[in-house]
Amino acid sequence: MSKLSTGNFFEDFSLGQRLVHGTPRTVTDGDASLYTALTGSRFPVSSATPVARALGLRDRPLDELLAFHIAFGKTVNDISFNALANLGYADVRFLQPVYAGDTLQSESEVIGLKQNSSGKNGNVYVRSTSYNQSGEAVLTWARWVMVHKRSPESPAPEPHIPELPSHVAPEQLPIPAGLDASAYDTAWTGSKHLWEDYQPGERIDHINGMTVDESDHTLATRLYQNNARLHFEELMMKPSRFGRRLMYGGHVISLCRALSFNGLANSLGIAAINGGSHCNPSFAGNTFYTWSEIVERWEIPGRGDLGALRVRTLGVKDMETQQLADAKIDKDGRQVYHPNLVLDLDYTLLMPRRGPGNP
Amino acid sequence: MSKLSTGNFFEDFSLGQRLVHGTPRTVTDGDASLYTALTGSRFPVSSATPVARALGLRDRPLDELLAFHIAFGKTVNDISFNALANLGYADVRFLQPVYAGDTLQSESEVIGLKQNSSGKNGNVYVRSTSYNQSGEAVLTWARWVMVHKRSPESPAPEPHIPELPSHVAPEQLPIPAGLDASAYDTAWTGSKHLWEDYQPGERIDHINGMTVDESDHTLATRLYQNNARLHFEELMMKPSRFGRRLMYGGHVISLCRALSFNGLANSLGIAAINGGSHCNPSFAGNTFYTWSEIVERWEIPGRGDLGALRVRTLGVKDMETQQLADAKIDKDGRQVYHPNLVLDLDYTLLMPRRGPGNP
Amino acid sequence: MSKLSTGNFFEDFSLGQRLVHGTPRTVTDGDASLYTALTGSRFPVSSATPVARALGLRDRPLDELLAFHIAFGKTVNDISFNALANLGYADVRFLQPVYAGDTLQSESEVIGLKQNSSGKNGNVYVRSTSYNQSGEAVLTWARWVMVHKRSPESPAPEPHIPELPSHVAPEQLPIPAGLDASAYDTAWTGSKHLWEDYQPGERIDHINGMTVDESDHTLATRLYQNNARLHFEELMMKPSRFGRRLMYGGHVISLCRALSFNGLANSLGIAAINGGSHCNPSFAGNTFYTWSEIVERWEIPGRGDLGALRVRTLGVKDMETQQLADAKIDKDGRQVYHPNLVLDLDYTLLMPRRGPGNP
């Protein structure tokens, strides 16, 4: 019996199947420091304990994306070790803050299967959830990936494509217990812009950029305990069509989020990711820039202290965002992503509202 | 109204103006570990809790320069985002140890302004102070930077150049409450050299060197949440006169300080920085070496357990220090820094004295 | 009197000599996070506190190799600063778990000396032990290094070669107090393979590889406060026979151990290292792969919950392990290590046994 784990192939998945993923992980202040060093993030809620406490939280939470990457990393071995492509995310909800000392453990359920016409691979849809040491769900997300078949002869399963929401509805946005933004102080960021100041249709070019080197993305991806080989093995990747190690797309999300500070500084955190595409591959040596478009501005029922902004953030490599009017260009009559576009992320932020404390 | 912060230009500053800087930051053991990984520092007081406790402190403090870089990083967005040059530091005093769990928040006051003769920029002098979560000042420093004007037509302000001390006087050196070096044990470093052993005029070539790669200095500078673009954006820097990303000068100070362990191992910490120049730019790929000159040896009034050493530490790139008799060379009759000289730092160390415990 | 520490030369050592090494070090969660980021390790006992507690430990211990590298790093300045070669390790025993908050301090005794026939250098054998803040020994190891003489004229000492065991006997393997593997849950790794499943003579090719960049190995080696110059100074190493900075061999051990997760996932930790060779030098840019051979399977007297596996793990650079039938090749009638072989490590793992909890 081989001692090796070689991941699951398309035939190994069945509708309704449940997978408990390995490597539970205690997260700590050490992870938070590394995340700051890897991204340069400056959002105050996860930077300073007194800020988090002034807003009713018991401590500064880990950046939601750090928690997401760690939770996600656990699923790679069982779900996407043999994936050709990460096709999409939907209905990502940050159910509870994750604090230093918490232990994350992830599970998945197969919610959809569809063999592709080539007969060589198929799409697997999973709903994954990460739990803390008390068994409380802290994060949940759907994703779908294209996975190799072990053998093209294997019979195709009954196709089933799950219904997934286009976005998390405002009334379903998770808001951390105890969070009260009434005492929010714009001096924490130096930016005066709150929920009321953002208009649907508005575009913000975030100016600042970030060049990533090999050690940056591999340190990040190892920190997340993501074991997908194509991020780590230059020897294996050299003869591939990429010619080199590929950056973990999740880390590109983190970089773009950190760069969006200049323009979205007062966001309290990400409540949900509605969907996202890694439009083109990213590599060490790329300099990343980002712009955001305000998609919708939602009141949160019963909350005068904060509202929600649905935002689309676009990540670009090796060119300034001002040169791009749109994420897509015309190519032979089809709209395709500009070749320098690396990320198209649709997500929802919580943002303080004006009030007695923030006139 | 633009959502972007583009920093202050020369016209935006006024004498006596006060600025509260964003992104309060809780510092942790994670930052301390990263600082060790980034610098290789081996000074025992910040390396080991039992050492710090044996000397009367409640815990091992963070390296003073780590605290400084984090405190300093907060001021960049408001003070030096549009700076052409960091002209100097003076009167840097480390007022209190910073411990894991403390939260730093920085403020500045404009203490001087002088437009330059070109009319295109001017020098801004600030006194910055960083406070902990109890509102106690833990660090204070003056610095001056040359900042672009938004428009050459803007009128020049009344020039005012503040008086700054050439050095922090021995009687003004901050000494941490409770610190008592009587129990200092030279086995903590393996070096036998204490305060009495250093002679003004003495030169120490510290032998060890350190090559820095891109990820090293960018990880450090992101950890410090310093958002000056020229450290991070290869795309922007390529066509600049530097041709590539510039290292944050503060990190060069940290490297030289860590390298000075071999020769100044028993220093208890930096009490003050009297002044400093980044003489030439530093880049990834450089190998740094350092030498020190003992400038003055001061008794501390009322203290038999420790004394002060005023030290000048010189940082050199890509050559061994023994090849340089002096920091400056003659160039057309003027004394200028050798092109490989990157740092000229004048600072004051606390050092244990001989006594019953250290005969 | 020079202020510099230039390490000990062969003449400076004498049989029975005791050395107390500098820089005591408090280890923290920050070190553990960095170690994860540097190696990608996924072994659950040091990844998650609830796992460690379910097995009877008071907290998740630091990875044994992280503790080893920190403990070892302290000895470099006194033992191997002037070494030409690290010749071997023996009888490395991990006596107690090391937890975040512990402070490590190392001492050595010279247990052997033998001048080499050239008269220019000699072999020094030391027994080193690292203690925690309570004075308990947590790690002990023997190693021998070839050290330069200060002068070829110095007389040779009486030769003495210590007897060192070929391996740590099963009855001498340290087992952490309180450790009880009865509640081990294979869901923590997703691997079903326990002690009974491994057969002496079995070979496991661990598939996954890891490319190392300059910042990776230098960050690691600085974290370990190892100050051997050849890991850090590109300027010094460029004209050397290596042509560049050399990786610290201990970090190669860590990488191979982390890569061995795929195949040895349920190992509870390393109890002992029986011996090891760094067969060829390793450099940034290398991609590392590894295979393991099960050497012996030992019952532990009185323990039904866990057993020991003596394992030989081979590290290879820049080629897949499947291409190598053996670590050694024939060269002019002699058996020598294959030039891509970088590590030959003989060590002993603790592994859960089947039982009521793990049928």
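Here is a friendly conversation about how three chains of a predicted model fit together.

User: Before we look at any contact, what makes chain A of this predicted model readable in detail?

Analyst: The model is a prediction, and the mean pLDDT of chain A is 96, with 100% of its residues at 70 or more. Local features need a pLDDT of at least 70. For the model as a whole, the scores are ipTM 0.97 and pTM 0.98.

User: Why is the relation between chain B and chain C called a three-fold axis?

Analyst: Look at the operation that lays one on the other. Chain B superposes on chain C by a rotation of 120° with 0.0 Å of shift along the axis, and the RMSD is 0.0 Å. That is the relation of a three-fold axis. In chain B, Gly30(B) has the C-alpha nearest the axis, 2.2 Å from it.

User: Which operation lays chain C on chain A?

Analyst: A turn of 120° with a shift of 0.0 Å along the axis does it, with an RMSD of 0.0 Å. Within chain C, the C-alpha nearest that axis belongs to Gly30(C), at 2.2 Å.

User: How do you know whether the copies meet through the same or different surfaces?

Analyst: Check how many interface residues recur. Only 16% of the interface residues of chain B are also interface residues in chain C, so the copies meet through different surfaces. For chain C and chain A the story is told by 16% as well: that is the share of the contact residues of chain C that recur in chain A, and the copies use different surfaces.

User: What makes up the side of chain C that touches chain A?

Analyst: Here 38 residues of chain C are in contact with 34 residues of chain A. The elements of chain C that give two or more residues to this side are helix H1 (29–39), helix H2 (44–47), helix H3 (49–54), strand S8 (210–211), helix H5 (214–223) and helix H8 (261–264). H1(C) gives the most, with nine residues. By class, this side has 13 nonpolar, 19 polar and six charged residues.

User: And how many residues of chain B are in contact with chain C?

Analyst: There are 38 residues of chain B, and they are in contact with 34 residues of chain C. On the chain B side, H1(B) gives the most, with nine residues. The classes there are 13 nonpolar, 19 polar and six charged residues.

User: Why are H1(A) and H1(C) called oblique?

Analyst: These two helices pack at an angle of about 55°, with their axes 7 Å apart. Roughly parallel needs an angle under 35 degrees, and roughly perpendicular begins at 65. The value of about 55° fits neither class, and H1(A) and H1(C) are therefore oblique to each other. Their crossing is right-handed.

User: Which residues make that contact between H1(A) and H1(C)?

Analyst: H1(A) brings Asp29(A), Gly30(A), Asp31(A), Ser33(A) and Leu34(A), while H1(C) brings Asp29(C), Gly30(C), Ala32(C), Ser33(C), Leu34(C) and Ala37(C). They divide into four nonpolar, four polar and three charged residues.

User: What makes H1(A) oblique to H1(B)?

Analyst: Again it is the angle: H1(A) and H1(B) pack at about 55°, with their axes 7 Å apart. That makes H1(A) oblique to H1(B), and the crossing of this pair is right-handed. In this contact H1(A) uses Asp29(A), Gly30(A), Ala32(A), Ser33(A), Leu34(A) and Ala37(A), facing Asp29(B), Gly30(B), Asp31(B), Ser33(B) and Leu34(B) of H1(B). By class, the contact has four nonpolar, four polar and three charged residues.

User: Let's turn to a pair inside one chain. Why are H4(B) and H7(B) called roughly antiparallel?

Analyst: The axes of helix H4 (residues 64–80) and helix H7 (residues 249–259) of chain B come within 10 Å and cross at roughly 180°. Angles over 145 degrees count as roughly antiparallel. H4(B) and H7(B) are therefore roughly antiparallel to each other.

User: Which residues of H4(B) and H7(B) meet?

Analyst: From H4(B) come Leu65(B), His69(B) and Phe72(B), and they meet Gly250(B), Ile253(B), Ser254(B) and Arg257(B) of H7(B). By class, that contact has three nonpolar, three polar and one charged residues.

Notes:
Residues numbered from 1 in each chain as written. Chains lettered and ligands numbered in written order. Predicted model: local features only at pLDDT ≥ 70, side-chain atom pairs only at ≥ 80, totals over all residues. Contact = placed C-beta atoms within 7 Å. Helix = DSSP H or I, 4+ residues; strand = E, 2+ residues; numbered from the N terminus. Nonpolar A, V, L, I, M, F, W, Y, C, P; charged D, E, K, R; others polar. Least-squares fit on C-alpha atoms with pLDDT ≥ 70 in both. Axes fitted to C-alpha atoms, helices over the stretch in contact; angles between N-to-C directions. Parallel < 35°, antiparallel > 145°, perpendicular 65-115°, else oblique. Left-handed = near helix turned anticlockwise from the far one by under 90°. pLDDT = per-residue confidence, 0-100.
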